[in-house]
Amino acid sequence: MSTSKTGPLAGCRIVEFDAIGPVPLAGMILADLGADIVRIGRPGSGAMANMPGNVVLNRGRQTAELNLKDNAQRDQAMALTAHADAVLEGQRPGVMERLGLGPADCHARNPKLVYGRMTGWGQDGPLAQSAGHDIGYIAITGALGSIGPKDAPPPPPLNLIGDYGGGTMFLVTGVLAAILSARETGKGQVVDAAMTDGAAVLMSMFYAFHAGGMWTAERHANLLDGGTPWYRCYETSDGSYMAVGAIEPQFYAELLAKLELDPDEFPQGDKAGWPKMTEAFAAKFASRTRDEWAVHFEGSDACVAPVLSIAEAPSHPHNVARETFAERNGIMQPMPAPRFSETPAEIGAASGTVPVEDVLARWA
């Protein structure tokens, strides 16, 4: 794999200890942005490099296979951290310390190292040593309980809120902020990224709404949770769906115009009339197919869009025009984001194994 990387993080060196969940996505994003990352995986893990999921999530970086319970191989991992700007790890609290690769061990060799730690519950607290997954992490933040219909259990919102929103994005932000600090101060630090903390921050606006009396604890009864007729999905005649998000009055007026509904009969703020409005909207959308409605609303300010599947999304004209997705290594995958005018990000070569000695020679 070529190491002459471009991107805003070109020249940044990161050691990523293999983990599940948000750590691989964090490594992928940082690699897309130009960081030179070596993943440390268990012996034999390289054989799984060509699995579709690994080709995407492990893209742009190589893997060094090390048995961290072997003293000599652990010392090789330590040697890598001595030349790195940052470490990413996602083990339960205490695991890396028991391996002799905890923050204190690494900082003794590299005082400027940023040590990024990713867990669900955080490095301390009564649940720190408990097992968990995304759905449990977001359950205690108020996020899960705010999603879904009022007469059914909250649905799992994929693992976007806990693992990736509250985890990956805050790990990436924290590590980059700490790298900037280390370059100014000469001192590294530990970044304690907990999915519960991050998911709570993602809920900031809703906590503000709740404090101001603008959000109730009841699901499907608020502005952005499907409680209003103009912010929800409607089924079409072919069993597909259209997403409606016409919040502002001018966009709501455009929605009514496109649906050929009388604005005098459906005033937006008349809550008592919302059930009638919902029925009218549902009947209208049920009269055509999703794709017919997509053409009808295209280019309007009604804030209506077709609900696409994973298989369909890469072919949407807007995604095609912006090259939001592309086929790489035989797999359709999202392209890097965000976009940079001077130092564009790019997808690196597929993951492969590399001897630690080769990385050390490059980083020395």
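Is Cys303 buried, partly exposed or exposed, and what is its relative accessible area? In this predicted model, Cys303 is partly exposed, with a relative accessible area of 34%. That value lies between the limits of 20% for buried and 50% for exposed residues, so Cys303 belongs to neither of those classes. Cys303 is not a glycine, yet its phi is positive, at about 60°. In the chain, Cys303 sits in the loop that links helix H12 to strand E9.

The overall organisation of the protein is as follows. The protein contains 14 helices and eleven strands. Along the principal axes, its C-alpha atoms fill a box of roughly 75 × 45 × 40 Å. Of the 364 residues in the protein, 43% are buried. When contacts between residues at least 6 apart in sequence are considered, 66% of them join residues at least 24 apart. A separation in both sequence and space is illustrated by Gly46 and Gly269, which are 223 residues apart in sequence; the distance between their C-alpha atoms is 58 Å. Gly46 is located in the loop between strand E2 (36-41) and helix H2 (52-57). With residues up to four places away in sequence left out, Gly46 touches Glu65 and Thr353.

Helix H10 was examined in terms of its buried residues and its neighbours. Tyr252, Leu255, Leu256 and Leu259 are the buried residues of H10. These four residues cover an arc of only 95° around the axis, and they therefore lie on the same side of H10. The elements against which the buried residues of H10 pack are strand E8 (241-245), helix H11 (274-285), H12 and strand E9 (304-306). At the end of H10, the helix is followed by Glu260, which has a positive phi near 60°.

The pairing of H10 with H12 can be described in geometric terms. The axes of H10 (residues 249-259) and H12 (residues 290-297) come within 11 Å of each other and cross at roughly 125°. H10 and H12 are therefore oblique to each other, since an angle of this kind falls outside the ranges counted as roughly parallel, roughly antiparallel or roughly perpendicular. The crossing in which H10 passes H12 is right-handed. On the H10 side, the contact is made by Leu255, Lys258 and Leu259, which meet Trp293, His296 and Phe297 of H12. By class, this contact of H10 with H12 comprises four nonpolar residues, one polar residue and one charged residue. Leu255 and Leu259 thus appear both among the buried residues of H10 and in the contact with H12.

Further backbone features occur in loops. Leu158, a residue other than glycine, has a positive phi near 50°. Leu158 lies in the loop between helix H6 (134-139) and helix H7 (160-185). With a relative accessible area of 64%, which is over the 50% limit, Leu158 is classed as exposed. A cis peptide bond joins Ala337 and Pro338, with omega at about -5°. The loop that holds Pro338 runs between strand E11 (331-334) and helix H14 (356-363).

How values were computed
Residues numbered from 1 in each chain as written. Predicted model: local features only at pLDDT ≥ 70, side-chain atom pairs only at ≥ 80, totals over all residues. Heavy atoms only, no water. Axes fitted to C-alpha atoms, helices over the stretch in contact; angles between N-to-C directions. Helix = DSSP H or I, 4+ residues; strand = E, 2+ residues; numbered from the N terminus. Parallel < 35°, antiparallel > 145°, perpendicular 65-115°, else oblique. Left-handed = near helix turned anticlockwise from the far one by under 90°. Contact = heavy atoms within 4.5 Å. Nonpolar A, V, L, I, M, F, W, Y, C, P; charged D, E, K, R; others polar. Buried < 20%, exposed > 50% of the residue type's maximum accessible area, 1.4 Å probe, protein only. Arc of directions from axis to C-beta.
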